[in-house]
Structures are given as structure tokens and as C-alpha cells.
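Student: Could you take me closely through the charged pairs of this protein, and then place them against the parts that surround them? I would like one connected account rather than a list.

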Amino acid sequence: AQLAENEKIASAVDIPHSRPAAEEIQKNTEVVRPARHISPFNVWMAIGTIAALLFIVAYPRMLPEKVAVITDTIDVHWSGNTSLIKGDRLYDDKKLLDLQSGLVKISFDFGAELILEGPAQFSLVSEEKMYLHSGLVFARVPTRAVGFVVDTPSAGIIDLGTEFGVQVEKDGSSQVHLFKGK
């Protein structure tokens, strides 16, 4: 309380203004920016993160998926160490399947049904597409599976809901026969 009372009656003190003007400050002041240093650890961490993200995005597409099932077989003989039987699932891994003799019926998840007669070489590309390298195939494609494709070395057949047969000779020439539909 005494200090407050003393402050009220005390005389004013003059403070000299010795501050330089703003213009002088700008002239005499140099802007110093710290040097940027990017550590090698940060660079490698960024590269690793980008690589991991690309792997996460691409990995599911690299794995083969189940696209069809063998629904029936008659006197089937496969070449090599392939031994597919009724009930086996087939993948879209584009692996060459070599049917030496017999008949095999394949039902695609997309809805198409195929009967292959040996000798035939074929591969499954997707649930909507197969590649017939050589041999004979009969295809029944219901309307729900419109757009099913049978590719051969010399032709591509896109089905619009029909029943048809494709024969591919060893030289790659193809014949298509329409049995039902337009």
C-alpha cells in the first residue's frame, strides 16, 4: 500500500529513446537462414514408404484367383505332373493346361460352361476369358455371362449369350461354329 502511495506522488522519470529507426534496422540486419540438411535416413525412409505403398496396392493383383471349377470328367489324361479331377478349382494364372485325352467340363464363376476335348492346350486368363492354344472346345454362355471371351492364336470370340464350338489346329488356324443363338 505504501509503494502504491509513493508511486502516485513520485516525479516522472525521463527515458531516452535510443532505439534505431526501422530503416536502420533493415540496413544493418542480415537475414540468416539455416542450411537445409536432409539426412540419408529420411531419404531411405521415404523410398521405403513409397515402395511399401506400391506393394500393398499391387500385391492383390499379382495373386492368382480362383475363377472356375472342374465339374465333370470322362477318361481324362493330363500331360506332365498335372492331375486335375472333378471338383478342383482352377486359377487365372495363365498356366498352360495340356489335356492329352478325354473330356473335361469346366464351369466358370462368371457363368460360362465349357467342354474341352483332348488333345487340347488351354489357359484361363480370368473368370470371363480363356485362351485356347489348340484343340476343341464347346461353350455354353447364358445371358448372365454375356461377354465371355475365347481367344485363340488367330481369333478372339466374344460371346453374346449363345452355344458355340471353337476348333484350333496346331498351326493356330481357328474355326468357330454357332449351335444356338445369334
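Tutor: A residue is called buried when its relative accessible area is under 20%, exposed when it is over 50%, and partly exposed in between. With that scale in hand, and bearing in mind that this is a predicted model, we can begin with the pair formed by Asp-109 and Arg-89, a salt bridge in which the closest N and O atoms are 2.9 Å apart. The two residues come from distant parts of the chain, since Asp-109 sits in the loop between β3 and β4 whereas Arg-89 belongs to strand β2, residues 89-91, with their positions 20 residues apart. Arg-89 has a relative accessible area of 32%, so this residue is partly exposed, and Asp-109, at 38%, is likewise counted as partly exposed.

This is one of 5 salt bridges found in a search of the whole structure. Another joins Glu-113 to Lys-105, where the closest N and O atoms lie 4.0 Å apart. Both ends fall in the partly exposed class, with Glu-113 at 27% relative accessibility and Lys-105 at 28%. A further bridge is made by Glu-163 with Arg-140, at 3.0 Å between the closest N and O atoms; here strand β8, which holds Glu-163, is linked to strand β5, which holds Arg-140, across 23 residues of sequence. The two ends of this bridge fall in separate classes, because Glu-163, at 16%, counts as buried, while Arg-140, at 36%, is partly exposed. Through shared salt-bridge partners, Lys-105, Glu-113, Arg-140 and Glu-163 are joined into one network.

To place these pairs, consider the overall layout: the protein has 3 helices and 9 strands, with the helices preceding the strands along the sequence in the pattern α-α-α-β-β-β-β-β-β-β-β-β. Of its 182 residues, 27% count as buried. The largest nonpolar core contains 30 residues, and those with the most contacts inside it include Ile-106, Phe-108, Leu-116, Phe-122 and Phe-148. Strands β5 and β8, together with β1, β3 and β4, each supply at least two residues of that core, and β5 and β8 are also the strands that carry Arg-140 and Glu-163. Within the core, Phe-122 touches, among others, Trp-78, Ile-106, Leu-116, Met-130 and Leu-132.

The aromatic side chains add a second set of links, with 3 aromatic pairs in the structure. In one of them, Phe-108 and Phe-148 meet edge-to-face, their ring centres 4.9 Å apart and their planes at 65°. That pair again brings distant parts together, because Phe-108 lies in strand β3 and Phe-148, 40 residues away, in the loop between β5 and β6. Phe-108 is buried at 5% relative accessible area, and Phe-148 is buried at 0%. A tilted pair is formed by Phe-138 and Phe-179, with 5.7 Å from centre to centre and 45° between the planes; since Phe-138 belongs to strand β5 and Phe-179 to strand β9, this pair ties together parts that are 41 residues apart in sequence. Phe-138 is partly exposed at 22%, whereas Phe-179 is exposed at 56%.

Away from the strands, a nonpolar surface patch of about 460 Å² is made by Ile-38, Val-43, Trp-44 and Ile-47. Its member Ile-38 lies in the loop between α2 and α3 and, at 65% relative accessibility, counts as exposed.

Note on methods
Residues are numbered from 1 along each chain as its sequence is written. This is a predicted model: local features need pLDDT of at least 70, side-chain atom pairs count only at pLDDT 80 or more; totals for chains, interfaces and linings use all residues. Side-chain values use heavy atoms; hydrogens and water are left out. Rings of Phe, Tyr and Trp (its six-membered ring) pair if their centres lie within 6.5 Å; planes under 30 degrees apart count as stacked, over 60 as edge-to-face and the rest as tilted. Helices (H or I, at least four residues) and strands (E, at least two) are DSSP runs, numbered from the N terminus. Buried means under 20% relative accessible area, exposed over 50%, partly exposed in between (1.4 Å probe, protein chains only). A nonpolar core is a set of buried Ala, Val, Leu, Ile, Met, Phe, Trp, Tyr and Cys residues joined through side-chain atoms within 4.5 Å. Contact means heavy atoms within 4.5 Å. Patches are made of residues with over 30% relative accessible area and no salt bridge: like charges are joined within 9 Å, nonpolar side chains (Val, Leu, Ile, Met, Phe, Trp, Tyr) within 5 Å. Accessible areas come from the Shrake-Rupley method with a 1.4 Å probe; for residues, only the protein chains shown count as cover. A salt bridge is a side-chain nitrogen of Lys or Arg within 4 Å of a carboxyl oxygen of Asp or Glu. Lists of a residue's contacts leave out its neighbours within four places in sequence.
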